[in-house]
Amino acid sequence: MPHLGKKAPGPAWWATPRVLQQLRRDPIALHRKMHDRYGDVVRISFGFSCAYMLRRPEHAGHVLRDNHTNYDKKNFDYRILKAIVGEGLLTSNGEIWRRQRRLIQPAFQRERTEALVPLMVERTEEMLARWRDAGDAARDISRDMARLALEVVTQALFGINAGESAAEIGDAFRALSRRAMDRYGVLASVLGFLPTPGNLRAKEARRRLRAVVEKLIAERRRRPPGGDLLSKLLEARDEESGRAMSEQQLRDEVTTLLLAGYETTANALSWTFYLLSEHPETARGVEAEVDRVLGGQAISVKAVPNLNLCRAVLQESMRLYPPAWVVSRSAIEEDVIGGYAIDKRALVVVGIYDTHRLPDVWPEPEKFDPGRFLNSHRGPAPFAYYPFGGGPRMCIGAGFAELETICILSTMAQKCRLRLVPDQTVQPEALITLRPRGGLRMTVEWR
Ligand code: HEM
């Protein structure tokens with residue numbers, strides 16, 4: 001079939017090794033450079049195949065929603081993710097994905113999520129008590145948020161308090177996602193099987209992660225089944241064969257939900273506390289709102305709709321630093337986007353971060369302004385703002401994450417404010433998720 005669209009602009013094929021090297025070093029800068037130089041649709045050639053970078057809301061909507069049946073997750077990015085979490089809801093395709101989504105969706109029903117509010121508050125208060133005991137030394141807030149989010153998600157979905165295992169899971173995921181990004185280096189991916197120090201570290205991290213996940217599953221099995229998701233996964237039977245999930249499938253699904261359920265939430269919170277420390281007038285506004293709405297009580301589901309500034313701050317934080325900063329797909333058949341041909345089996349990278357900073361969509365895009373979300377009745381246009389993706393593969397935990405982050409932010413704002421340790425350059429590090437490079441050192445000031 002002849003190409004229906006024209007060939008998209010992009011660097012010459014012989015520049016690809018350099019592009020990949022830049023992608024590994026600083027993916028956000030590379031995205032900006034490519035779009036600045038070549039426009040909204042950029043084609044990167046690998047000789048035998050190619051990738052497209054997109055950033056316009058309508059192009060994101062086309063790939064993720066309108067023409068989603070032409071795009072699957074059988075691509076290089078998801079192969080990397082599969083090496084960490086296996087074949088779970090996030091990485092699977094077709095019938096396997098549909099079956100797992102049907103099975104898991106009920107665990108995220110609104111009432112079930114809302115019932116978790118007291119638990120979210122309790123875990124946050126436990127963290128604050130640990131902070132008090134630790135005295136006033138500076139803390140790495142991104143590590144604390146990772147532990148908190150992991151504790152919430154393991155308790156909420158699996159009925160287990162991960163406690164100390166949370167830190168171990170966090171460390172293992174961190175090591176694996178750093179290693180995963182190395183795979184973008186051509187040489188590293190060719191030499192991936194050699195016993196280099198990096199590969200051995202990754203192997204060890206994978207072993208540790210598997211051991212913790214197996215421990216969580218064993219712990220759940222020892223207790224009587226409950227209404228939690230892990231019990232449901234253990235009970236689930238295939239409609240046709242009547243067989244239970246294999247141990248491997250179960251492990252993969254649990255690992256997927258752990259990773260997807262904490263990393264992004266933890267980063268959203270870390271960025272929010274960073275932005276609030278840089279904008280003390282907004283931080284005071286948040287404190288005034290929680291004092292007025294909650295009146296010294298713990299947050300309840302009823303109070304959530306009244307915490308408008310808290311919600312707007314979290315939304316604006318995820319506009320500037322979307323924790324899942326890109327989503328990618330593979331084109332099943334040829335397509336046309338913005339008048340440009342998209343080759344069959346090409347990698348298609350939708351830049352959430354890039355869309356969220358388009359000046360014609362978000363005026364003064366670099367400015368932190370929660371007012372953008374406070375004053376708009378209709379909300380942003382479709383795919384102008386999509387931190388949770390969109391279409392059928394939109395984040396299953398979006399409602400859960402929104403509720404969790406507002407619970408944690410408001411509980412913390414009632415008790416303390418966080419100050420950035422000076423002389424620290426805070427920069428985003430775009431691995432699989434967008435996180436503060438080297439952590440986020442902050443001190444706690446009690447209110
Ligand atoms: C601020 C927090 C979060 C952000 C920004 C976020 C973002 C995203 C995005 C952008 C996707 C779509 C990926 C794609 O289309 O390729 C996604 C999918 C997913 N997310 Fe989240 N997520 C968050 C929290 C959570 C939580 C709390 C859970 C579970 C407890 C979760 C579980 C998942 C799963 C399982 C998928 C795959 C869904 C599917 O393909 O059917 N996420 N997330």
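Two helix axes that meet at an angle of 65 to 115 degrees count as roughly perpendicular. Keep that range in mind for the stops below. The model on screen is predicted.

**Confidence**

Start by colouring the chain by pLDDT. The average over the chain is 90, and 95% of the residues score at least 70. Now select residues 185-191, where the pLDDT is below 50. In the model this stretch has five contacts beyond its near neighbours in sequence.

**Helices H4 and H13**

Select residues 76-85, which form helix H4, and residues 247-278, which form helix H13. The two axes come within 9 Å and cross at roughly 110°. That angle falls between 65 and 115 degrees, so H4 and H13 are roughly perpendicular to each other. Which residues of H4 and H13 meet here? On the H4 side they are Leu81, Ile84 and Val85. On the H13 side they are Asp252, Thr255, Thr256 and Leu259. Sorted by class, this contact has four nonpolar, two polar and one charged residues.

**Helices H13 and H14**

Keep H13 and add helix H14, residues 280-294. The axes of H13 and H14 are 5 Å apart, and the packing angle is about 110°. H13 is therefore roughly perpendicular to H14. From H13, the contact uses Leu276, Ser277 and Glu278. From H14, it uses Pro280, Thr282, Ala283 and Val286. By class there are four nonpolar, two polar and one charged residues in the contact of H13 with H14.

Stay on H14 and pick arginine 284, which lies in this helix. Is arginine 284 buried or exposed? It is in between: its relative accessibility is 31%, so arginine 284 counts as partly exposed. Next, draw a distance from its C-alpha to that of arginine 417. The two arginines are 133 residues apart in sequence, and their C-alpha atoms are 9.2 Å apart in space.

**Lysine 415 in helix H18**

Select residues 398-415, which are helix H18, and then lysine 415, which is in H18. With a relative accessible area of 27%, lysine 415 is partly exposed. Its C-alpha is separated by 8.8 Å from that of glutamate 445, which is 30 residues away along the chain. Glu445 is also one of the contacts of lysine 415, along with Glu125, Leu128, Trp446 and Arg447, when neighbours within four places in sequence are left aside.

**Arginine 123 in helix H7**

Move to helix H7, residues 117-134, and select arginine 123 in it. This arginine has a relative accessible area of 5% and is buried. What does arginine 123 touch, not counting residues up to four places away in sequence? The residues are Leu148, Glu151, Val152, Gln155 and Asn161.

**Serine 142 in helix H8**

Helix H8 covers residues 141-158, and serine 142 is in it. Serine 142 has 10% relative accessibility and therefore counts as buried. Show side chains to see a polar contact of 2.8 Å between serine 142 and aspartate 140. Apart from its neighbours within four places in sequence, serine 142 is in contact with Ser270, Gly439 and Leu440.

**Helix H3 and its surroundings**

Select residues 57-66, helix H3. Which residues of H3 are buried? They are Pro57, His59, Ala60, Gly61, Val63 and Leu64. To see what these buried residues pack against, add strands S2 (50-54), S3 (71-72), S5 (326-331), S6 (335-337) and S8 (347-351), together with H16.

**Two loop residues with positive phi**

Most residues other than glycine have a negative phi. The last two stops have a positive one.

Go to the loop between helix H16 (352-356) and helix H17 (371-374), and select glutamate 364. Phi of glutamate 364 is near 45°. With 55% relative accessibility, glutamate 364 counts as exposed.

Then take the loop between H17 and H18, where phenylalanine 383 is found. Phi of phenylalanine 383 is near 60°, again a positive value in a residue other than glycine. Phenylalanine 383 has 8% relative accessibility. The cut-off for buried is under 20%, so phenylalanine 383 counts as buried.

Terms used:
Residues numbered from 1 in each chain as written. Predicted model: local features only at pLDDT ≥ 70, side-chain atom pairs only at ≥ 80, totals over all residues. Heavy atoms only, no water. pLDDT = per-residue confidence, 0-100. Contact = heavy atoms within 4.5 Å. Axes fitted to C-alpha atoms, helices over the stretch in contact; angles between N-to-C directions. Helix = DSSP H or I, 4+ residues; strand = E, 2+ residues; numbered from the N terminus. Parallel < 35°, antiparallel > 145°, perpendicular 65-115°, else oblique. Nonpolar A, V, L, I, M, F, W, Y, C, P; charged D, E, K, R; others polar. Buried < 20%, exposed > 50% of the residue type's maximum accessible area, 1.4 Å probe, protein only. Polar contact = N/O pair within 3.5 Å; in protein donor to acceptor, adjacent residues only side chain to side chain.
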